[in-house]
Amino acid sequence: MDWLKGMNGVIAHIEENLTEPVQYETLARIVGCSIYEFSRIFSFMAGMSASEYIRRRRLSQAVFDIQNGKDKIIDIALKYCYESPAAFTRAFKELHGITPLSARKASVPLKTYPAISFVLTIKGVNEMNFRIEKKEGFQIMGLTGYIEGELVDGMPSVVKEFYENYYPQLAPYYTAPFHQISVYDFQSVNDRCKVIIGAECKGEKPDSLVPDMKDVPAATWAVFSIEGCIGDTYDAAYARVLTEWFPASGYKRDEAVPHLEVLPVGSEMTVWEIWMPILNK
């Protein structure tokens with residue numbers, strides 16, 4: 001995959017659809033990866049999330065419509081996909097510091113965020129630690145949910161719920177020794193990535209709890225060991241794996257198998273892994 005071409009294709013698609021709903025699934029398809037992987041790469045390469053970039057571009061273009069003075073604020077709000085003038089006014093004021101009506105006055109300071117473009121940069125200075133591993137099919141047992149959204153005590157709500165309500169009862173049923181949990185990216189629903197958080201199990205289930213199960217097919221994996229706090233290394237790790245390692249290695253991503261994240265149990269997540277399914281050369 002030509003990542004430079006793909007990411008610039010994403011920007012072109014966004015620009016063509018600033019007045020229409022933009023689907024993350026479509027953007028990820030342009031690049032050739034999952035929604036989860038796309039969001040990580042975009043955030044790393046652009047310095048902001050795709051949703052924030054789209055928001056800034058829409059509110060930048062709205063300025064010119066407002067200063068033109070011909071359209072009503074409600075019509076401009078609807079044009080740029082805001083559900084109400086109130087929501088539009090809040091977002092506009094947050095970005096520009098003034099209300100849309102105030103922006104119609106002369107000599108008021110406003111901001112504009114031009115469309116970005118991605119260019120070739122020198123990369124690959126830092127080493128990447130990986131191994132190739134074949135693994136037979138297995139099952140992950142745990143809890144399904146969405147990683148995106150509001151954090152609770154510094155972690156996604158599904159992770160917190162898993163640790164508090166599921167892990168204590170499920171731990172004896174996991175393949176021993178149990179040191180890590182796996183987040184399995186397996187489905188995109190309404191531009192959100194649905195995952196199962198849990199670990200490889202022995203095939204048994206506890207009687208007192210009804211956990212979720214997910215079959216992981218046999219696959220060959222490129223396993224990348226990432227050092228550092230997971231919150232600080234997420235985006236850069238995915239960007240390097242997908243935009244540097246794959247082109248350099250000659251391996252192809254196995255699109256039929258979602259990827260795994262293997263995280264240490266507990267709060268000290270200083271070393272974690274990305275398991276990326278690959279096709280044999």
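Reader: Taking a salt bridge to be a side-chain nitrogen of Lys or Arg within 4 Å of a carboxyl oxygen of Asp or Glu, how many does the count come to by this rule?

Author: The model is a predicted one, and by this rule the count comes to 12 salt bridges.

Reader: Which residue forms a salt bridge with E52, the closest N and O atoms being 2.9 Å apart?

Author: That partner is R55. Both E52 and R55 lie in helix α4, 3 residues apart, which is about one turn of the helix. R55 counts as buried because its relative accessible area is 19%, and the cut-off for buried is under 20%.

Reader: And which residue forms a salt bridge with E52 at 2.7 Å?

Author: R56 does, with 2.7 Å between the closest N and O atoms. R56 and E52 are 4 residues apart in helix α4, so about one helical turn separates them. R56 has 22% relative accessibility and therefore counts as partly exposed. Salt bridges that share partners join E52, R55 and R56 into one network.

Reader: Why do residues three or four places apart point the same way?

Author: An α-helix has 3.6 residues a turn, so residues at that spacing point the same way. Side chains of opposite charge can pair when their charged atoms come close.

Reader: Which pair links distant parts of the chain?

Author: R40 forms a salt bridge with D235, and their closest N and O atoms are 3.5 Å apart. This pair links distant parts of the chain, since R40 is in helix α3 and D235 is in helix α8, 195 residues apart.

Reader: Is R40 buried or exposed?

Author: R40 counts as buried because its relative accessibility is 17%. Its partner D235, at 24% relative accessibility, counts as partly exposed.

Reader: Changing topic to α1: which of its residues are buried?

Author: The buried residues in α1 are W3, G6, M7, V10, I11, H13 and I14. They cover an arc of only 160 degrees around the axis, which puts them on the same side of α1. K5 and E16 are exposed on the other side of α1.

Reader: What do the buried residues of α1 pack against?

Author: The buried residues of α1 pack against four helices: α2 (24-31), α3 (35-46), α4 (50-68) and α8 (230-249).

Reader: What span should helix α1 have at 1.5 Å a residue?

Author: The 14 residues of α1, residues 3-16, should span 20 Å at that rise, and the end C-alpha atoms are 20 Å apart, which agrees.

Reader: Next, α6. Which of its residues are buried, and which are exposed on the other side?

Author: In α6, the buried residues are F88, A91, F92, L95 and H96. They cover an arc of only 110 degrees around the axis, which puts them on the same side of α6. R90 and E94, on the other side of α6, are exposed. The buried residues of α6 pack against α4 and α5.

Reader: How far apart are the end C-alpha atoms of α6?

Author: They are 16 Å apart, which agrees with the 16 Å that its 12 residues should span at 1.5 Å a residue.

Reader: What follows α6?

Author: G97 follows α6, and its phi is positive, near 85 degrees. A residue other than glycine also has a positive value: the phi of C81 is near 70 degrees. C81 is in the loop between α5 (73-79) and α6 (85-96). With 31% relative accessibility, C81 counts as partly exposed.

Reader: Which residues of the largest nonpolar core touch the most other members?

Author: F38, F42, F162 and W272 do, in a core of 56 residues. Helix α8 gives the largest share of this core, 8 residues. There is a second, separate core of 15 residues, which includes I66, Y80, Y82 and I98.

Reader: To finish with the chain overall, how many helices and strands does it have?

Author: The secondary structure comes to 8 helices and 11 strands. The chain has 281 residues, of which 44% count as buried. Among contacts between residues at least 6 apart in sequence, 72% join residues at least 24 apart.

Reader: What area does the chain expose?

Author: The chain exposes about 14,700 Å², and carbon and sulfur atoms supply 51% of it.

Key
Residues are numbered from 1 along each chain as its sequence is written. This is a predicted model: local features need pLDDT of at least 70, side-chain atom pairs count only at pLDDT 80 or more; totals for chains, interfaces and linings use all residues. Side-chain values use heavy atoms; hydrogens and water are left out. Helices (H or I, at least four residues) and strands (E, at least two) are DSSP runs, numbered from the N terminus. The expected span of a helix is 1.5 Å times one less than its number of residues. Buried means under 20% relative accessible area, exposed over 50%, partly exposed in between (1.4 Å probe, protein chains only). The arc is that of the directions from the helix axis to the C-beta atoms. Contact means heavy atoms within 4.5 Å. A nonpolar core is a set of buried Ala, Val, Leu, Ile, Met, Phe, Trp, Tyr and Cys residues joined through side-chain atoms within 4.5 Å. Accessible areas come from the Shrake-Rupley method with a 1.4 Å probe; for residues, only the protein chains shown count as cover.
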